[in-house]
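Biologist: Let us go through a ligand site together. Show me the model first.

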Amino acid sequence: MATLYHVPLSPFCRKVRLSLAEKKIEVQLVDERYWEKDPDFLRRNPAGKVPVLKIDNKTLSESSAICEYLEDRYPTPSLMPKGPGQRFEVRRLVAWFDDKFHHEVTKNLLYERVNRKIEGSGYPVAANVKSGAKAIKYHLDYMSWLLDNRRWLAGDSMTLADFAAAAHLSSLDYIRDVDWNRAPAVKDWYAKIKSRPAFRSILADHVPGFPPPRHYANLDF
Ligand SMILES: N[C@@H](CCC(=O)N[C@@H](CS)C(=O)NCC(=O)O)C(=O)O
């Protein structure tokens, strides 16, 4: 069986968990306190970051490289379209969420409110939280604009782009930082993706000291 070293609210780990679950690959989850820099962990990934996936006698890191490995090795069901233009769009959007959204929103909200407390690195910096709360509005509006023209974020089918976005938004929803009323199209998209069996384990997450809101695991909101 595969083993994923992760932290429950990490969007990068969640993206990999969603890919594994959608492809029905059984996985054992191991909580990794990456900030403690355990030598065994650093041997598995010298970059010192989660996720790390052990599968097929390999130790893999970097969430997008992992997801593309899974796509190549376990192609069904596919989370990547076939055409070069569509594949480009999926990769562009995965980078949008894992780079831009992560820096502007996830770091400023999730890492300030949750990671600082768990890692013992002080109180949230109010200016960062304010900046994240402002930036998420722009991102929700951008997603709404995409979803006005498409069924899924990158086109007609569900892809890794949807999992990247849902991974970030689900972690932020866990701490009540998503104003779903601002973006009905995004809310509908999230309700659709959240009701997939692949999402179950993510909706069952409980981080001690941070109880999720009631709607977090509610499939109809
Ligand atoms: N580009 C990496 C980013 C992973 C990442 O930043 N993970 C965070 C947890 S959400 C981490 O392990 N941070 C530890 C560090 O940066 O030292 C990926 O996609 O896997």
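What follows is a short exchange about the ligand and its pocket.

Modeller: This is a predicted model, where local features need pLDDT of at least 70, side-chain atom pairs count only at pLDDT 80 or more, and totals for chains, interfaces and linings use all residues. Residues are numbered from 1 along each chain as its sequence is written, and side-chain values use heavy atoms, with hydrogens and water left out.

Biologist: Which residue has a side-chain N or O atom 2.6 Å from an oxygen atom of the ligand?

Modeller: Take polar contacts (pairs of N or O atoms within 3.5 Å). A ligand nitrogen is 2.9 Å from a polar backbone atom of valine 50. Another side-chain pair, 2.9 Å apart, joins a ligand nitrogen to glutamate 62. The ligand oxygen at 2.6 Å pairs with the side chain of serine 63.

Biologist: How much of the ligand's accessible area does the protein cover?

Modeller: Accessible area comes from the Shrake-Rupley method with a 1.4 Å probe. On its own the ligand has 510 Å², and the protein covers 79%.

Biologist: Which helix gives the most to the lining of the largest pocket?

Modeller: Lining residues have an atom within 4 Å of a pocket grid point; the pocket is an open set on a 1 Å grid over the protein atoms alone, where a 1.4 Å probe fits, with protein on both sides within 12 Å along at least five of seven lines. Helices are DSSP runs (H or I, at least four residues). H1 (11-22), H3 (63-73) and H4 (84-119) each supply at least two lining residues. The top contributor, with eight residues, is H4.

Terms used. A polar contact is a pair of N or O atoms within 3.5 Å; within protein, one must be able to donate a hydrogen and the other to accept it, and residues adjacent in sequence count only if both atoms are side-chain atoms.
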